[in-house]
Amino acid sequence: MNFSKLTITVLSFLIFCSFNYGQNTDKQHLKLWYNQPADASVKDLSDGRKDDAEWLKALPLGNGSLGVMVFGDVNKERIQLNEESVWSGSPSDNDNPDAFAFQNEIRQLLFDGKYRKATKITNKTQVCKGLGSGHGNGANVPFGCFQTLGDLWIENGKDITYENYYRELDLDDAVVHVSYSQGGVNFKREIFTSRPDQVMVARFTANKPGQISFTCSMTRPERFKSYTENGQLIMSGKLSDGKGGDGLQYMARLKAINKNGKVSYSDSKIIVENADEVILFLSASTDYLLKYPEYKGRDYVNLTNNNIEKAVAKSYSELLDNHKKEYQTYFKRVSFDITPEPITEIPTDERVKNFKQTHSDPHLTELFFQFGRYLLISSSRPGTLPANLQGIWANKIQTPWNGDYHTDVNVEMNYWPAEVTNLSEMHLPLFDLIESLVQPGSKTATIQYHKKGWVVHPITNVWGYTSPGESAGWGMHVGAGAWICSHIWEHYIFTGDEEFLSRMYPVLKGAAEFYMDWLVENPKTKELVSGPAVSPENVFIAPDGSRSQISMGPAHDQQVIWQLFTDFLAASNELKIEDDFVLEVKNAREKLAGPKIGSDGRLMEWAEEFKETEPGHRHISHLFALHPGSQINLEQTPELAKAAEKSLDYRIAHGGGHTGWSAAWLINQYARLQDAEKAEESLNTVLSKSTSPNLFGQHPPFQMDANFGSTAGIAEMLLQSHAGIVQLLPALPKDWVTGEVKGLKARGGFEVDIKWKDNKLTEVVIYSDNGKDCKVRYKDKVINVKLAKGEKSILTINRF
């Protein structure tokens, strides 16, 4: 052990807690903290598929629309900026009118076993028109790309050393703190992004007067100008529309308010001299609106100016209080504790590094769970765009896979924790996006397939892209609309919000109309099947020896369509809608080809027992019915559940779960199978192999869904309700010996607090939001609980 390094680490931690803030160290498990900054002098790589190591040490803040990454560097601070709608590209026509003419021929070839020819025709004809996503590099094509807004640079003009450095992100209040000593002066910074006041606020103070001096500037890798005007530093520009012209317009405004000293604005800089305290206010926006077909119209110039001027009229304490109250309304709903042991004062980056060796750190598990909730609150608030592949944080012009919305698992995974971890409001932006896809998706259904209803494929963006991808092998994921619509019923069954269900019912119906028109009868089995279609991104060896991704009736499509039909029928029943179409859907569901078990006992991924070319493939799409779906569960379909487990074990034995999001999905899958140790093992895989120093998840490169999927998985280990019963501690690992979780939600409108000791339940408190009865299970014992709206029931182990 390096004693001197340990001494400095602990000393830095104690100096911060006692001198700078005097906060109780009992809450340190809800903080990401470090004894060194991220190095702001290191330039970002231009390659969108390569991570920047220093950026993955910076700390994220966000209010749903404005995201920042705080490096915490001393002499030259970098605060990297994002705004939810900074997207290049523009609306474009990608629907292929030539596709329909070949579809019946492809189906017949597949039914006849002529996969080689069917695949060749499919790859040539069942694709989008135009450039599509630009093969995941769409910054300069119409599909576009989520991009960095730019950077705020704060230079103090010094080149001297510093000591007693400490920085933290406090999840309890969503504030970044930085403190250090330099030249005999103690400096502090506090940064937060306020949702109520729509600004980033950064306060700079020192323990001696007249010590705050720095110069501010804002830059961007391309397409920007910066200037000062009316006491503000402004950065503005026009993004590429992907067609050789200008697209969205954006603006960021920065204003400094000083206590003593001097602030001046010169050319493209703010200059602060000898102040006692300085507060920076930053607001940013574009002219984007989530409204088909123009997607423009926001008054971003006046919006950003009004945000700044209103914010500077308030005191710092008022701004901070507004921020904390709004944020904590969401964050404090859930607490999670799995060890009585005090936390060891080790910086977060070192804890992540240590976990790679030990695979054991219960406080890191607690932190990681709450960090996922924090990220969802920070990147998805009512009225904003939904969290994308990178949440709301991207430092490049070309982000990985365009930072878009992948609808073949990723955007759905982003929202898996929304309901169960008591963040239903954060789910709402996803429904705004889904609604916005109906009109362009109806156009795609008509032109591409000559079908009713609406459709979307494996990718979409802020421009209403609903066409297939530019390659059929991954782009013919016609099940995407059904998958993303599963969130509609999930939100309703957790909240009981009938107004929401009424609003989204036409969306559900339109999706069902497409699949009712799309499904065909298998001439051999007489069952209804989807196709031509893919099992997302996986490849098989066909009977004719060819490698193919296209088939009729892949398990994934069959399962998501079954879930959509089931949800639609349930919604119709809730809204008391009985018509011919409801009856047609009910009859069609009964004729759907369902899950099948292969000769080796595994759940079949395709309608026939094809050999996979990659047995350890990252996608486990044919297990949708186990999770996040509910068609397969231990309660009602134990044989299918066993087959699903065998499929999972086989995947992992052959190298599966090697990406962050894939391992996160495994946590949820094994939790549904009530295999606590394998669920925990999958969680440990995420923490040890796919977690950055700032706890950002990794594909790699950085991708936010691993964080969200892991948080959802931990909740799934503690509470389940998908099979019509509230199940307590269904997958509790043996080394989570004693613990407590409060505030998790169960379907039916229940909030649940659970305590356990020596791996056994000791107490559960159930609150009813909607006044419905529920069945509660712990191990093999089931209790019926009757609750009026607003009532709670306390159950002890004696009841079980």
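Q: Which residue in the turn of the E29 and E30 hairpin has a positive phi?
A: This is a predicted model, so we're reading computed geometry here. Strands E29 and E30 form a hairpin, with three residues between them. One residue in that turn has a positive phi, at about 100 degrees, and that's Gly748.

Q: Over how many bridges do E29 and E30 pair?
A: E29 covers residues 739-746 and E30 covers residues 750-757. Leu744 stands opposite Val752 in E30. The two strands run in the antiparallel sense, and the count of bridges is six.

Q: Which residue takes a positive phi in the hairpin of E30 and E31?
A: E30 also pairs with strand E31 (residues 760-768), in the antiparallel sense and over eight bridges. This hairpin has two residues between the strands. The positive phi is near 55 degrees, and the residue that takes it is Asp758.

Q: Which residue in E31 does Trp756 stand opposite?
A: E30 spans residues 750-757, which puts Trp756 within that strand. Its partner strand E31 spans residues 760-768 and pairs with E30 in the antiparallel sense. Across from Trp756 you'll find Leu761.

Q: Which strands stand at the edges of the open sheet of four strands?
A: The sheet has mixed pairing, and its order is E27-E28-E32-E33. An edge strand here has a single partner strand, so one side of it is left without a neighbour in the sheet. That fits two strands: E27 (719-720) and E33 (781-785).

Q: Which residue in E33 stands opposite Val776?
A: Strand E32 takes in residues 774-778, and it runs antiparallel to E33. Five bridges join the pair. Opposite Val776 in that pairing stands Ile783.

Q: Why is the protein called as compact as a globular protein of its length?
A: Zooming out, the protein has 19 helices and 34 strands. For 800 residues the globule rule gives 28 Å, so a close value points to globular compactness. The protein's radius of gyration is indeed close to that, at 27 Å.

Q: What percentage of the residues is buried?
A: Buried means under 20% relative accessible area. The C-alpha atoms fill a box of roughly 85 × 70 × 50 Å along the principal axes, and the protein exposes about 28500 Å². Out of 800 residues, the buried share is 62%.

Q: How far apart do the centres of the positive and negative side chains lie?
A: There are 86 positive side chains and 100 negative ones. Each set has its own centre, and the separation between the two is 1 Å.

Notes: Residues numbered from 1 in each chain as written. Predicted model: local features only at pLDDT ≥ 70, side-chain atom pairs only at ≥ 80, totals over all residues. Heavy atoms only, no water. Rg over C-alpha atoms; globule rule 2.2 N^0.38 Å. Buried < 20%, exposed > 50% of the residue type's maximum accessible area, 1.4 Å probe, protein only. Areas by Shrake-Rupley, 256 points an atom, 1.4 Å probe, with all protein chains shown as cover. Lys, Arg positive; Asp, Glu negative; His and termini not counted. Charge placed at Lys NZ, Arg CZ, Asp CG, Glu CD. Pairing = 2+ DSSP bridges.
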